[in-house]
Amino acid sequence: MKVILATPRGFCAGVIRAIEIVELALKKNGAPVYVRHEIVHNRHVVKSLEAKGARFVESLDDIPAGALTIFSAHGVPQSVEAAARERHLPVLDATCPLVAKVHHEGQRYAAQGRVIVLIGHAGHPEVEGTMGQISGEVHLIQTVEDVAALALPLDTPLAYITQTTLSLDDTRLIIAALRRRFTDLVGPDTRDICYATQNRQSAVRELAKQVDVLLVIGSNNSSNSNRLREIGEECGIPSYLIADETKIDRDWTKNAGRVGVTAGASAPEFLVERIINRLAEWREIEVSTLPGREERIQFRLPSELVGT
């Protein structure tokens, strides 16, 4: 059986930066440090950092007075930032710079007097953070049907922004629906969807042309990983989202000649190796890597940690 790996796959620059912030904070300040929400959506990453002394909480109320606090890569609302200041908590912000860019764009549009339409998934921490960063009217939409349901005059000055980890195709359809309905609409097209999301989605489309089954490594609550599985399905390939090698059903690959493997942006590479080893336990395999876009982007660390 041929096992073909996607390129790129796994950690993106925003995830690498967020994890490094936690690790350097532990090195500089000692354990524990407190992280609001999972630093990234992957339990293997979270457990590894917990073992080093990180404590993950959902509320600032769970953080002791004076304890070093880290905001996750997904970003937080202004209310959380304000609450941290009120409690005089020392804060390191691990918000992905591309998510922060969306925050800034939304604030800029709101300052122009525009109503904001955020394309994203309800309940996702990135969406909650973005909506909470914008001072003004914000409407969350998830589907083309939601555009028709917007109770706004057709000449309302609107601006749209997007969650960074959505499907490009789904986003384009929603933006097109907004353009058809509203006469005064501005926005950054699909540029808010991060480079890593675009690259991994493009890689899956290429991979799907060559394989019989697709395995996507990632957590169930990882938006970008779920999109990769959906794209595989859209390409007509049986596609499965798996947290690690223990979640593979042997029957999925029993009759497959070629199995594709990719990983969401918050999934570590060692999980890819575990998947390969599990497949090799069941059948003789030949592993190859599909050529793809090489990612060289690096994001700057907070100044407090530079030189740590």
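# Briefing: fold, sheets, cysteines and unusual backbone

Pro8 sits in the loop that runs between β1 (2-5) and α1 (13-29). The peptide bond leading into Pro8 from Thr7 is cis, with omega near -5°. This is a predicted model. The protein comes to 11 helices and 13 strands. Two open four-stranded sheets are described below, one ordered β3-β2-β4-β5 and one ordered β7-β6-β8-β9.

**Overall shape and surface**

- The radius of gyration is 21 Å, and a compact globule with 308 residues would have one near 19 Å, so the protein agrees with that expectation.
- The C-alpha trace spans about 60 × 55 × 30 Å along the principal axes of the protein.
- Of the 308 residues in the protein, 53% are buried.
- The accessible surface is about 13,800 Å². Carbon and sulfur atoms account for 48% of that surface.
- Contacts often link distant parts of the sequence: among those between residues at least 6 apart, 75% join residues at least 24 apart.

**The β3-β2-β4-β5 sheet**

- Four strands make up this open sheet, and their pairing is parallel.
- Which strands stand at the edges? They are β3 (54-57) and β5 (91-93), and each pairs on one side only.
- From one strand to the next, the twist averages 25°.
- β2 covers residues 33-36. It pairs with β3 in the parallel sense, over four bridges.
- Within this pair, Val35 stands opposite Phe56 in β3.

**The β7-β6-β8-β9 sheet and its helices**

- This sheet is also open, with four strands and parallel pairing.
- β7 (138-141) and β9 (185-186) are the edge strands. Each has a single partner strand, so one side of each is left without a neighbour in the sheet.
- β6 (residues 115-119) pairs with β7 over four bridges, in the parallel sense.
- Ile116 stands opposite Val138 in β7.
- Helix α7 (residues 168-181) packs on this sheet and touches β6, β7, β8 and β9. The direction of α7 makes about 155° with that of β6.
- Helix α4 (residues 97-111) lies across β6, β8 (158-162) and β9. The angle between α4 and β8 is about 175°.

**Cysteines**

- How many disulfides does the model have? The count comes to zero.
- A disulfide is a covalent bond between the sulfur atoms of two cysteines.
- The cut-off for counting one is a pair of cysteine sulfur atoms within 2.5 Å.
- Why is Cys12 not bonded? The closest cysteine sulfur, in Cys194, is 5.9 Å from the sulfur of Cys12, which is too far for a bond.
- Cys12 counts as buried, because its relative accessibility is 10%.
- The sulfur of Cys235 also has Cys194 as the site of its closest cysteine sulfur. The distance is 19 Å, so this pair is too far apart for a bond.
- Is Cys235 buried or partly exposed? At 33% relative accessibility, Cys235 counts as partly exposed.

**A second cis peptide bond**

- The bond from Ala31 to Pro32 is cis, with omega near -5°.
- Pro32 lies in the loop between α1 and β2. The strand that follows this loop, β2, covers residues 33-36.

**Two histidines with positive phi**

- His37 has a positive phi of about 70°, although it is not a glycine.
- Where is His37 found? It is in the loop between β2 and α2 (43-52).
- His37 counts as buried, because its relative accessibility is 14%. The cut-off for buried is under 20%.
- His88 has a positive phi too, of about 60°, and is not a glycine either.
- The place of His88 is the loop between α3 (78-86) and β5. β5 is one of the edge strands of the β3-β2-β4-β5 sheet.
- Is His88 buried or exposed? His88 is exposed, because its relative accessible area is 67%. Exposed means over 50%.

Methods:
Residues numbered from 1 in each chain as written. Predicted model: local features only at pLDDT ≥ 70, side-chain atom pairs only at ≥ 80, totals over all residues. Heavy atoms only, no water. Pairing = 2+ DSSP bridges. Axes fitted to C-alpha atoms, helices over the stretch in contact; angles between N-to-C directions. Buried < 20%, exposed > 50% of the residue type's maximum accessible area, 1.4 Å probe, protein only. Rg over C-alpha atoms; globule rule 2.2 N^0.38 Å. Contact = heavy atoms within 4.5 Å. Areas by Shrake-Rupley, 256 points an atom, 1.4 Å probe, with all protein chains shown as cover.
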